[in-house]
Amino acid sequence: MIIGIAGGSGSGKTTFTNAIKEMFKEDVLIIRHDDYYKDHSNLSFEEKKHINYDHPDALETNLLVEHVKQLKDGQPIEKPLYDFSTHDRKGSEMIFPKKIIILEGILILESKALRNLIDIKVYVDAASDERILRRILRDTKKRGRTLEDICDQYLKTVRPMHEKYVEPTRKYADIIINGGMNKMALELIRTKIESVLQEEV
Ligand code: CTP
């Protein structure tokens with residue numbers, strides 16, 4: 001069963017994803033679209049800083065589509081790994097299929113080919129002020145960014161791309177939730193997953 005979790009940067013996708021993982025533990029495999037950012041190791045750090053990482057073309061989505069198909073067929077994949085501090089790929093890891101696969105990322109519902117593989121589509125919604133505040137805290141603590149760079153990137157690419165490519169994917173969602181810690185939505189997803197897992201037995 002494939003669950004897609006989309007929503008703007010800083011909306012709470014990771015919180016919601018981790019809560020599902022916590023419920024079904026080893027039955028759940030989380031695949032982040034972020035790991036499929038294209039490699040730019042040929043560019044200087046300054047050049048890499050100015051890439052538009054919120055445009056669909058920044059991601060190797062066709063590789064993710066292939067990987068999801070392989071996992072559905074019961075085959076392992078060699079998933080790329082991504083380093084946000086350097087903006088580069090840092091190798092790959094072997095991933096084996098599990099009963100529940102969660103695909104998480106701002107643009108996970110943007111590609112039709114990917115949408116067609118997803119059984120439950122979720123869009124995590126949050127006010128833009130909450131999202132930018134969360135992003136500032138995360139990017140300074142975990143992604144080695146300065147406040148100035150975060151503000152510059154937000155105004156130049158994150159906000160316009162959100163309006164153009166991320167927000168319009170709400171219409172594809174089966175469930176739209178408010179923030180990542182939404183207990184009722186989690187219960188609905190739990191019931192649905194349990195029924196699908198029982199069908200398989
Ligand atoms: N990004 C970046 N630098 C890169 C690659 C991506 O700053 N080299 C940013 C993009 O600008 C994009 C964001 O990473 O907006 C996507 O991650 P985000 O959705 O913010 O993080 P998650 O933890 O997946 O989601 P959430 O905050 O909702 O939990």
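**Exercise 1. Find where I106 lies in the chain, decide whether I106 is buried or exposed, and list what I106 touches.**

Step 1. I106 is found in the loop between β5 and α4 (112–115), where helices (H or I, at least four residues) and strands (E, at least two) are DSSP runs numbered from the N terminus. The structure is a predicted model, in which local features need pLDDT of at least 70 and side-chain atom pairs count only at pLDDT 80 or more, while totals for chains, interfaces and linings use all residues. Residues are numbered from 1 along each chain as its sequence is written.

Step 2. A residue is buried if 20 or more other C-beta atoms lie within 10 Å of its own, exposed if 12 or fewer, and partly exposed in between, with C-beta atoms placed from the backbone. I106 has 25 C-beta neighbours inside 10 Å and therefore counts as buried.

Step 3. Two residues are in contact if their C-beta atoms, placed from the backbone, lie within 7 Å. Not counting residues up to four places away in sequence, I106 touches A6, G7, G8, S9, D54 and V166.

Step 4. The C-alpha atoms of I106 and H87 are separated by 17 Å, and these residues are 19 apart along the chain.

**Exercise 2. Apply the burial rule to S11, H162 and S92, and give the contacts of each residue.**

Step 1. S11 sits in the loop between β1 and α1, and because S11 has 28 C-beta neighbours inside 10 Å, this residue counts as buried. Leaving aside neighbours within four places in sequence, S11 is in contact with V124, D125, A126 and R131.

Step 2. H162 lies in helix α6, and with 20 C-beta neighbours inside 10 Å this histidine counts as buried. Its contacts, apart from neighbours within four places in sequence, are G8, D54 and E167. H162 and H55 are 107 residues apart along the chain, yet their C-alpha atoms are separated by 8.8 Å.

Step 3. S92 belongs to strand β4, and with 12 C-beta neighbours inside 10 Å this serine counts as exposed. S92 touches E78, K79, P80 and L81, when residues up to four places away in sequence are not counted. Between the C-alpha atoms of S92 and T140, which are 48 residues apart in sequence, the distance is 25 Å.

**Exercise 3. Compare the surroundings of K25 and H87, two residues with a positive phi.**

Step 1. Most residues other than glycine have a negative phi. The phi of K25, however, is near 40°, and that of H87 is near 65°.

Step 2. K25 lies in the loop between α1 (13–24) and β2 (28–32), whereas H87 is placed in the loop between β3 (77–83) and β4 (88–95).

Step 3. K25 is exposed, because 8 other C-beta atoms lie within 10 Å, while H87 is buried, because 20 other C-beta atoms lie within 10 Å.

**Exercise 4. Describe the largest nonpolar core and the part that I5 plays in its contacts.**

Step 1. A nonpolar core is a set of buried Ala, Val, Leu, Ile, Met, Phe, Trp, Tyr and Cys residues joined through C-beta atoms within 7 Å. The largest one has 34 residues, and those with the most contacts inside it are I5, I102 and L103.

Step 2. At least two residues of this core come from each of several elements, including β1 (2–7), β5 (100–104), β6 (120–125) and α7 (183–200).

Step 3. Not counting residues up to four places away in sequence, I5 touches K13, F16, T17, I102, E104, I108, V122 and V124.

**Exercise 5. State which residues come nearest to the ligand, and how the shell around the ligand divides.**

Step 1. A residue is near a molecule if its C-beta atom, placed from the backbone, lies within 6 Å of it. Of the 18 residues around the ligand, S9, K13, T14, Y53 and H87 come nearest.

Step 2. The shell divides into five nonpolar, eight polar and five charged residues; Ala, Val, Leu, Ile, Met, Phe, Trp, Tyr, Cys and Pro count as nonpolar, Asp, Glu, Lys and Arg as charged, and the others, Gly among them, as polar.

**Exercise 6. Summarise the protein as a whole.**

Step 1. The protein has seven helices and seven strands, and buried residues make up 30% of its 201 residues.

Step 2. Of the contacts with a separation of 6 or more, 74% are accounted for by residues 24 or more positions apart.
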